[in-house]
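Welcome! Let's walk through this structure together, one question at a time.

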Amino acid sequence: MSTPTKLGTPDPDRDDSDNVVPLRRTVTSEDTTEVTAASTSSTEIERKVFDGELVTPLDSAALDRRLSAQRVRDAGGQVVRVLRTSDQTARLRYRVRQSPRDARTLVWYSLRGHWRFVVKGWTWATYGDLRADVRAARLAGDVEARRAAQEMIRADAHARWTRLAMVLRRLLVTAAVVAPIALALVIAGALFERSEMWEWLASVYGVLDIVGAVLSTVWSVALFVVPAGVLVASVFEGRDRKPGAGFLVQPNRDDNDSYVDERMISQALAHLGVAPLDKFFKSGGQLVYSVPARVDGDGTYAQVRLPMGVTADMVAGQRKKLAANLGRASLETWPTEGSEDGILDLWVADKGKLGRGAGDWPLLHDGQVDLFEGVPFGLTQRGMLINAPLFEANWLVGGRPGQGKSAALRTAMLGAALDPTAELWAFVMGESPDFDPFRPRLTRYAMGMDDSVAEAALQALRDMLAEMERRGKVLGEMGTPKTSRKLADKRGVGLHPLVCAIDEVHELFQHPTYGEEAGKLAIRLIKRGRKYGVILLLATQSPTKDSIPREVTRNISVGVAFAVADHVANDGLLGAGKYKQGIRATDLRMKTDRGTAVAVGLTDNVFELVRVFYIAFEDGRDDVTPVITRAMQLIADAGRDVPVADDVDAAPELVDHLADIATVLREDKRVRTQVLLGRLVEHRPDEYEGWTFQDLKSALADAGVEVAKSNGHSVVRADDIATAITERDDVAADVEDFDRDEDAGK
Ligand SMILES: Nc1ncnc2c1ncn2[C@@H]1O[C@H](COP(=O)(O)OP(=O)(O)OP(=O)(O)O)[C@@H](O)[C@H]1O
């Protein structure tokens, strides 16, 4: 059984930048906890479990043992493929095969090394460096520098001869002292036996014998070691010094096609035709890799500090050449600006991996969503799952026709549909059934080319604005700046997420009657709706300044660009300057890269190349309806109706916990939590009956108040409550001022 059924639980200790590619997770038959997307979405990017199968605990243990013997578990304990393991074997096998060629290379290095020693010796003996300085100064007409260099040669030559004379003199003096003694010892040794000698003289001969034996041993060892050392030194001296060259040529491994290392990157950069880079390499420069090339998802990542005069966008400007030099398609080569202009972030995809699509949507068969945590949307270029943000976000999806915009919008909306508290509106400004299966889950829906659809969409924007203002007031009264999961769950207050998708939105903005007003409303909603849970998802074929108001493109927080025609459309969707920084959807190919988009704002990274999950709804295949059926079931299970914005209690009773606590504190400076809980129940039994210490603690924490300690008892201090109420009132006043200013600005 190999149907993917579950998502892996994210490990909080895990570092997503690990050099590992998750391939498979085994799920034992004991592992019965159903893991939903909601519970997996505590981080923006998660690892995707591609496949899982049920095994018995016994099999699982056996598999664990085998895999851990192969060192294929990562720090989080999940089963992973570590490329290193197979690489080492491949490398070893390769080295054995290549040994004759390596031997030839080493002989050549040694010869070249000897020659380089000779050249160095000659340069030293003839003051080659200083003479070169003299020549350069003469050519430059710099008399001062020439004289200084010549003076240095003279001074150095003088010092050198003086040193030589000194050494010779010391040798002569030593010889003059040592030679007669040595001669006397030789003569005495020849004339007398040791036994006939004075005792002290015999022991001198004894010491000399030992010294002689040591010297002869050292000599015989040196006869091997010194030539070997010279050989190694000559090989090292004669090694290849081309930019990025390794000591021996890189092996052709199993993943040869995908293999990229610093040497290859340096060589590729050396042949870009960027003048300062060329100069740098010609003068023997070596690039500094702040992050050496390492496996990163479905590709290789490296970070390079560029030399003087070169910026990352100069390299990004030569992307096609760089891709060709690395043996990749442009789309597989991503040179972008790092944290500084002079730092190049380079990510190179493994060959052909990007064309593979994202696979099944993780929530296709199972799972629920917490919209506040995001919805599974696609895979990054590194193969990580993107949990796309919807709360506090507004989206603009664009690209040329037929590249996957509507499908992407549908994926985001289907995710939202699986949050039973989310209210969904959809408007399609054209004849397209993309959202038809959503009908039962949609609170508002209109589709078509006629004016009535544009009118309905405009009315929706008007109502959203009114709704936003109502929510602003409710939140102001509650002293909370924005809605939250907790508030969204609360019935009757209408602070749930309201998501409105408009496909082919340029048709609305360019509408002769409704366009202008629609534009203005959208701008206000995008600027201010986020904290109130009012979310706009817009899709268009034409993200130009004539078809989408500039303030919309400027303020949108998530830009998703499928293949676009030019840099204007690119920057319209992704933000000004993105094309220049190398973040380009222009490199996406029509048809071939359908379903792949460049996106900003989906994660904390500067950009992502996203393979969007495709939930089919075409050619008689309908994977959307079953998800909508599930979404309806989730709503029924929660005992709710399809959320509707005006389904709000006329005067929702919003209990102000902080105010209640202030009341029941009475005149006391501090009150024990147990006593306080009792007083709260007395004060408002409906609300506080059943409250535990934890409920009280979390209500206080929401207001930024901590439970204090007094004589070993947990207490709530009146001063803390008074401060929290003052701060809350200040925040509410600020929010009101801000909203008023915003309105005045419009
Ligand atoms: N993520 C995806 N993965 C694989 N195929 C996809 C994906 N998204 C879209 N496609 C394919 O591309 C086709 C066109 O998709 P879609 O209708 O979403 O494009 P579009 O950009 O909205 O087009 P238009 O601008 O004409 O409305 C789909 O019918 C589907 O076959």
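Q: In the open sheet with the order E6-E7-E9-E8, is the pairing parallel or antiparallel?
A: This is a predicted model, in which local features need pLDDT of at least 70, side-chain atom pairs count only at pLDDT 80 or more, and totals for chains, interfaces and linings use all residues. Residues are numbered from 1 along each chain as its sequence is written. Strands (E, at least two residues) and helices (H or I, at least four) are DSSP runs numbered from the N terminus, and two strands pair if DSSP finds at least two bridges between them. With four strands in the order E6-E7-E9-E8, the sheet has a pairing that is antiparallel.

Q: Which strands stand at the edges of this sheet?
A: An edge strand here has a single partner strand, so one side of it is left without a neighbour in the sheet. That applies to strand E6 (288-296) and strand E8 (333-337).

Q: Which residue in E9 stands opposite alanine 302?
A: Strand E7 (residues 299-305) and strand E9 (residues 343-349) pair in the antiparallel sense over seven bridges. Opposite alanine 302, in E9, stands leucine 346.

Q: Which residues touch the most other members of the largest nonpolar core?
A: A nonpolar core is a set of buried Ala, Val, Leu, Ile, Met, Phe, Trp, Tyr and Cys residues joined through C-beta atoms within 7 Å. A residue is buried if 20 or more other C-beta atoms, placed from the backbone, lie within 10 Å of its own, exposed if 12 or fewer, and partly exposed in between. Of the 131 residues in this core, those touching the most other members are Ala412, Met413, Ala457 and Val499.

Q: What does valine 499 touch, leaving out residues up to four places away in sequence?
A: Two residues are in contact if their C-beta atoms, placed from the backbone, lie within 7 Å. By that rule, the partners of valine 499 beyond four places in sequence are Leu390, Met413, Ala416, Ala422, Leu424, Ile535 and Leu537.

Q: Is glycine 404 buried or exposed?
A: Glycine 404 sits in the loop between E12 and H12. Apart from residues up to four places away in sequence, glycine 404 touches Phe562, Arg594, Gly595 and Val612. Because 22 other C-beta atoms lie within 10 Å of glycine 404, its class is buried.

Q: How does glycine 402 count: buried, partly exposed or exposed?
A: Glycine 402 is found in the loop between strand E12 (395-398) and helix H12 (405-417). Glycine 402 is also covered by the UniProt annotation "binding site" from an unreviewed entry; such annotations may be inferred rather than shown by experiment, with feature names shortened and positions in the numbering used here. Because glycine 402 has 13 C-beta neighbours inside 10 Å, it counts as partly exposed.

Q: How many of the eight residues of helix H18 are buried?
A: Helix H18 (residues 567-574) is mostly covered. Its buried residues pack against E12, helix H17 (550-555), strand E17 (558-561) and strand E18 (596-600). Of the eight residues in H18, the number buried is six.

Q: Which residue stands opposite arginine 672 in E24?
A: Strand E24 (residues 713-717) is joined to E22 by three bridges, and the two run antiparallel. Facing arginine 672 in E24 is valine 715.
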